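This report describes how the strands, helices and buried side chains of one protein chain are arranged. The sequence and the structure come first, and the description follows.

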Amino acid sequence: MAPPNDPKQSEGGSGSGGGFFASIASSLSNFGTAMTRSVNGLVPYEGLEVVNPEGGTEDAEEEASKGRWKQEDRDSYWKMMQKYVGSDVTSMVTLPVLIFEPMSMLQKMAELMEYSHLLDLADECEDPYMRLVYSASFFISVYYAFQRTWKPFNPILGETYELTNHGNLTFISEQVSHHPPISAGHAENEHFTYDITSKVKTKFLGNSIEIYPLGRTRVTLKRDGVILDLVPPPTKVSNLIFGRTWIDSPGEMVLTNMTTGDKAVLYFQPCGWLGAGRYEVDGYVYNAAEEPQILMTGKWNGSMSYQPCDIEGEPRAGTELKEVWRVAEAPKNDKFQYTHFAHKINSFDTAPKKLLGSDSRLRPDRYALEHGDLSKAGYEKSSLEERQRAEKRNREVKGHQFTPRWFDRTDEIHPTPWGDLEVYQYNGKYSEHRAAIDSSGSIEETDIRSMEFNPWQFENLAAE
């Protein structure tokens, strides 16, 4: 969908020559305009692209000398990875723990719930266009967490994550497939249900990687039964080997009200010269006839605002720009750039009574990394991966098929801009499981920290 003519209007509607959105259309034509430069003269690294998001071409060579890798680690990693240039490396590569954060991808999925109150507001709102403002802001809010450059652990098949004590909601996610890696999640409170089947496709480019979200995300607002469908933009991670790693998600996010046909179309601006446009998000809420009703603008690492507009996209007279979401204050100098909510996600304070033994918090590699023991984290990560391989061999010998506990695979194949997705559906059994625990008179007190991580179906055959 093409945006309306660029409104030459400054924030707040007082005409100025800069343009309200600095031309959405022209910025899209500059997709990926951040200044780049190859690493020249460094055998065998010729041709690797280095990007300084705050600088220009003259900064690239200095930028190449920065980053978290030691020289020997960088050399070893590149020797291992260069054969994969141009490939999808989603699950084919074993990576060193020094680039990981102490969190599983299932936990990272739960980070979106930090600002779940925005979906509560969407459900309570009678204005169909403001519903999309609240809901779109909810989906934009997670990008602040996505800017972290540490990689989360890939979940083990059967691994789960439970979140309680936040926003009066329950959240459960589960790794439902290993090849290809697919995660499923479900969140619910009195206002909404949130369901996701998550799968990614990647393209490794040497010093960067492109990530394409082959997922399906649906939100149901309970009051009127409105169903919202999300198509997010792709993401690019730059400076994997040379330079300081950074993340950008240039492109279009579309949130569609499948009940009415209304939609929010938001453009994540690409990072350009000297960081111009980085973090910026601009767009409109449209009615079913594709006429703009509300403009939205802001930065995904800061705040989002909205203002009613006419069908030309111009701010309506007598209205003003109002803030709808602002990122919460984050801890200073945090080692992994965690928010306060990210720390809660790793904490047992947000765990329910009688935590499942398959929960990500219990992973020994995650726990060791959280406490700064990289050697033990690497050992435990390798041990978990080997046991997972042994589980697969055992299933094949016995003719068993892995069956998720909390989600069922459906016959639905969901098309995305980057490929098709097999959809998993929440089966309701987790709600029954939690209700049974909560209704039982006495819960045996268990020291959660002493529990062993156990997503397994069989006895430990990894050593055999």
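Two strands are said to pair if DSSP finds at least two bridges between them. The model described here is predicted. With that rule in mind, S17 and S18 form a hairpin with five residues between them, and Glu-290 in the turn has a positive phi of about 65°. A second hairpin follows, in which S18 is joined to S19 through three residues.

**The sheet**

These hairpins belong to an open sheet of twelve strands, ordered S5-S6-S7-S8-S11-S12-S15-S16-S17-S18-S19-S20, with antiparallel pairing. S5 and S20 stand at the edges and each has a single partner strand, so one side of each is left without a neighbour in the sheet. From one strand to the next, the twist averages 15°. Strands of a sheet pair through backbone hydrogen bonds, in either a parallel or an antiparallel sense.

Three of the antiparallel pairings are set out below.

| Strand | Partner strand | Bridges |
|---|---|---|
| S17 (residues 280–286) | S18 | seven bridges |
| S18 | S19 (residues 303–308) | six bridges |
| S12 (residues 226–231) | S15 (residues 251–257) | four bridges |

Individual residues can be placed within these pairings: Gly-283 stands opposite Met-296 in S18, the bridge partner of Thr-297 is Ser-305 in S19, and Leu-228 has Asn-257 in S15 as its bridge partner. Is strand S18 largely enclosed or left open by the rest of the structure? Seven of the eight residues of S18 (residues 292–299) are buried, so this strand is largely enclosed.

**Helices against the sheet**

Helix H5 lies across S8, S11 and S20, and runs at about 50° to S11. H6 also packs on the sheet, where it touches S8, S11, S12, S15, S16, S17, S18, S19 and S20, and its direction makes about 25° with that of S18. Within H5 (residues 117–124), the buried residues are Leu-118, Leu-119, Asp-120, Ala-122 and Asp-123, and what covers them includes helix H6 (128–141) together with strands S8 (192–198), S11 (216–221) and S20 (322–326).

Lys-108 lies in helix H4 (residues 105–110). Lys-108 is buried, with a relative accessible area of 7%, because buried here means under 20% relative accessible area. Leaving aside its neighbours within four places in sequence, the contacts of Lys-108 are Glu-101, Met-103, Ala-145, Phe-146, Arg-148 and Pro-152.

**Nonpolar cores and aromatic pairs**

In soluble globular proteins, nonpolar side chains tend to be buried together. In this model the largest nonpolar core has 80 residues, of which Met-113, Phe-139, Phe-171 and Tyr-194 touch the most other members. H6 supplies the largest share of this core, eight residues. A second, separate core of ten residues includes Ile-172, Val-176, Ile-182 and Leu-356. Beyond its neighbours within four places in sequence, Tyr-194 is in contact with several residues, including Met-113, Phe-139, Phe-171 and His-186.

The count of aromatic pairs comes to 15. One of them, between Tyr-161 and Phe-171, is tilted, at 6.5 Å centre to centre and 55° between the planes. Tyr-161 lies in strand S5 (residues 160–166) and Phe-171 in strand S6 (residues 169–177), so this pair ties together parts that are ten residues apart in sequence. Both Tyr-161 and Phe-171 are buried. Elsewhere, ring pairs link Tyr-143, Phe-146, Phe-268, Tyr-279 and Trp-300 into a cluster.

Methods. Residues are numbered from 1 along each chain as its sequence is written. This is a predicted model: local features need pLDDT of at least 70, side-chain atom pairs count only at pLDDT 80 or more; totals for chains, interfaces and linings use all residues. Side-chain values use heavy atoms; hydrogens and water are left out. Buried means under 20% relative accessible area, exposed over 50%, partly exposed in between (1.4 Å probe, protein chains only). Helices (H or I, at least four residues) and strands (E, at least two) are DSSP runs, numbered from the N terminus. Contact means heavy atoms within 4.5 Å. Rings of Phe, Tyr and Trp (its six-membered ring) pair if their centres lie within 6.5 Å; planes under 30 degrees apart count as stacked, over 60 as edge-to-face and the rest as tilted. A nonpolar core is a set of buried Ala, Val, Leu, Ile, Met, Phe, Trp, Tyr and Cys residues joined through side-chain atoms within 4.5 Å. Axes are lines fitted to C-alpha atoms, for helices over the stretch in contact, and angles run from 0 to 180 degrees between N-to-C directions.
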